[in-house]
Amino acid sequence: FIWDFGDSSSKVVTGFNPVIHTYSGAGTYLVTLALNDTNFCNSPVDTQRTVRLSPQVKAVFITPRKGCVPYLATFQNNSLGGLEFLWDFGDGTTSTLETPPPHLYPVVGTYKIVLTAFDSTSCNKVHSDSLTISVNPVPTASFTYNPNPPQENTFTNFTNQSIGASIYLWNYGDGDTSPEENPRHLFNATDIYNVCLNAKNDAGCSDDTCMPVKSLINPLLDVPNAFTPGKFVVNSIVRVQGFGIKNMQWNVYNRWGQLIFESTSVKTGWDGTFKGKVQPVDVYTYTLDVIFSDGKKLRKTGDITLLR
């Protein structure tokens with residue numbers, strides 16, 4: 001037999017004589033007894049028992065404080081000392097197991113769970129610990145949108161009508177997402193998109209809903225011909241503007257033909273700097289190659305005046 005006393009010490013013995021082990025301090029120890037015997041086809045085999053030692057019995061347990069109905073609560077008994085235990089689950093049911101199996105709460109509400117530990121070898125004999133858990137309703141995800149029917153090259157505005165939620169995640173069905181409560185989104189092509197909303201509460205419960213949303217996009221393209229970097233105004237950064245732009249390559253050059261900025265996204269614009277240095281007031285040229293969502297290609301060239 002191999003005894004593992006759960007405190008980094010072990011002992012190998014033969015026969016069935018009692019084994020005495022002295023622990024250096026109070027605590028909870030998982031004791032393992034392993035049997036190696038080639039005469040048995042199920043060898044090796046072991047068994048485990050929890051030993052709780054403390055001069056003062058102290059009931060301690062942990063369980064998640066929030067859940068969603070129907071909620072299956074789990075418990076971990078971390079008591080110091082304790083030979084017998086009584087669990088009161090706060091719903092009229094009890095258990096005398098050391099660690100009870102998961103307990104089902106089928107009704108929304110607040111429940112006070114009490115663990116009482118009994119130990120006749122301790123000085124205080126009895127001790128109790130309690131925790132209150134909240135069983136929450138599952139939220140309901142819901143939304144509407146406008147304009148409906150769609151209008152050409154217009155943002156779609158989403159109105160969140162979810163109940164019992166505080167955290168949101170929108171999936172627009174075109175690769176973009178948003179955590180906003182009531183977002184707006186500009187689709188990139190004429191199509192019907194499967195827009196989904198995930199609504200979650202602070203207990204981690206969530207609900208999903210999806211809806212087909214139509215979009216009407218007429219591919220258009222423009223680049224402003226002047227901007228004023230460093231100012232907190234709309235035209236402080238120059239960007240490619242348009243609708244239905246699927247792919248783009250935008251290059252900006254100074255008067256000596258040096259490439260000082262490039263972008264492949266309408267979301268990324270030029271702030272008037274090159275390698276971290278502010279560029280002088282001047283006229284800069286650009287080339288812009290675009291593939292629209294309808295497959296059409298366009299090459300555009302022009303000038304941008306940097307102002308101060």
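**Entry 1: largest pocket**

I sorted the lining of the largest pocket by class and got 11 nonpolar, 10 polar and six charged residues. In this sorting Ala, Val, Leu, Ile, Met, Phe, Trp, Tyr, Cys and Pro count as nonpolar, Asp, Glu, Lys and Arg as charged, and the others, Gly among them, as polar. I note that this is a predicted model, in which local features need pLDDT of at least 70 and side-chain atom pairs count only at pLDDT 80 or more, while totals for chains, interfaces and linings use all residues. Residues are numbered from 1 along each chain as its sequence is written, and side-chain values use heavy atoms, with hydrogens and water left out.

The largest pocket holds about 780 Å³ of space. Its lining has 27 residues, and the closest to the pocket centre are Asp-176, Leu-186, Asn-188, Val-266 and Lys-267. I then asked which strand gives the most to this lining. E24 does, with four residues. Strand E18 (184–185), strand E23 (241–243) and E24 each supply at least two lining residues. Strands (E, at least two residues) are DSSP runs, as are helices (H or I, at least four), and both are numbered from the N terminus.

For the search, a 1 Å grid was laid over the protein atoms alone; a pocket is an open set of points with protein on both sides within 12 Å along at least five of seven lines, a cavity is a set where a 1.4 Å probe fits but cannot get out, and lining residues have an atom within 4 Å of a point. Grid points are joined across faces, edges and corners, and a volume is the space filled by probe spheres set on the points.

**Entry 2: cavity**

I looked for cavities of 30 Å³ or more and found one. About 40 Å³ of space lies in the largest cavity. Its lining consists of Pro-147, Pro-150, Gln-151, Asn-153, Thr-154, Phe-155, Thr-156, Lys-214, Ser-215, Leu-216 and Ile-217. By class I have five nonpolar, five polar and one charged residues there.

Phe-155, one of the lining residues, came up again: the charged end of Arg-184 sits over the Phe-155 ring, 3.8 Å from the ring centre. The test asks for NZ of Lys or CZ of Arg within 6 Å of the ring centre and within 35 degrees of the ring normal.

**Entry 3: aromatic pairs**

Rings of Phe, Tyr and Trp (its six-membered ring) pair if their centres lie within 6.5 Å; planes under 30 degrees apart count as stacked, over 60 as edge-to-face and the rest as tilted. I count 19 aromatic pairs by this rule.

Why is the pair of Phe-143 and Trp-170 edge-to-face? The ring centres are 5.1 Å apart and the planes stand at 70°, so the pair falls in that class. Phe-143 is in strand E14 (residues 143–146) and Trp-170 in strand E16 (residues 167–171), 27 residues apart, and the pair links distant parts of the chain. Both residues are buried, which here is under 20% relative accessible area (exposed is over 50%, partly exposed in between; 1.4 Å probe, protein chains only).

Trp-270 and Tyr-284 are also edge-to-face, at 5.2 Å centre to centre and 75° between the planes. This pair, too, links distant parts of the chain: Trp-270 lies in the loop between strand E25 (259–263) and strand E26 (273–274), and Tyr-284 in strand E28 (residues 282–292), 14 residues apart. Trp-270 is buried at a relative accessible area of 0%, and Tyr-284 is buried at 2%.

I also logged one aromatic cluster, formed by Phe-143, Tyr-145, Phe-158, Trp-170, Tyr-172, Phe-187 and Tyr-193.

**Entry 4: two open sheets**

Two strands pair if DSSP finds at least two bridges between them. One open sheet of five strands runs in the order E6-E13-E12-E9-E10, with mixed pairing. Strand E6 (66–68) and strand E10 (94–95) are at the edges with a single partner strand each, so one side of each has no neighbour in the sheet. E6 pairs with strand E13 (residues 126–136) in the parallel sense over three bridges, and Lys-66 stands opposite Ser-134 in E13.

Another open sheet of five strands has the order E22-E29-E28-E24-E25, again with mixed pairing. Strand E22 (226–227) and E25 are its edges. Strand E24 (residues 245–253) and E25 pair antiparallel over four bridges, with Phe-261 in E25 as the bridge partner of Val-252. E22 and strand E29 (residues 297–306) pair in the parallel sense over two bridges, and Ala-226 stands opposite Thr-305 in E29. E28 and E29 pair antiparallel over 10 bridges; Asp-289 has Arg-299 in E29 as its bridge partner. The hairpin of E28 and E29 has four residues between the strands, and in this hairpin Gly-295 takes a positive phi near 95°.
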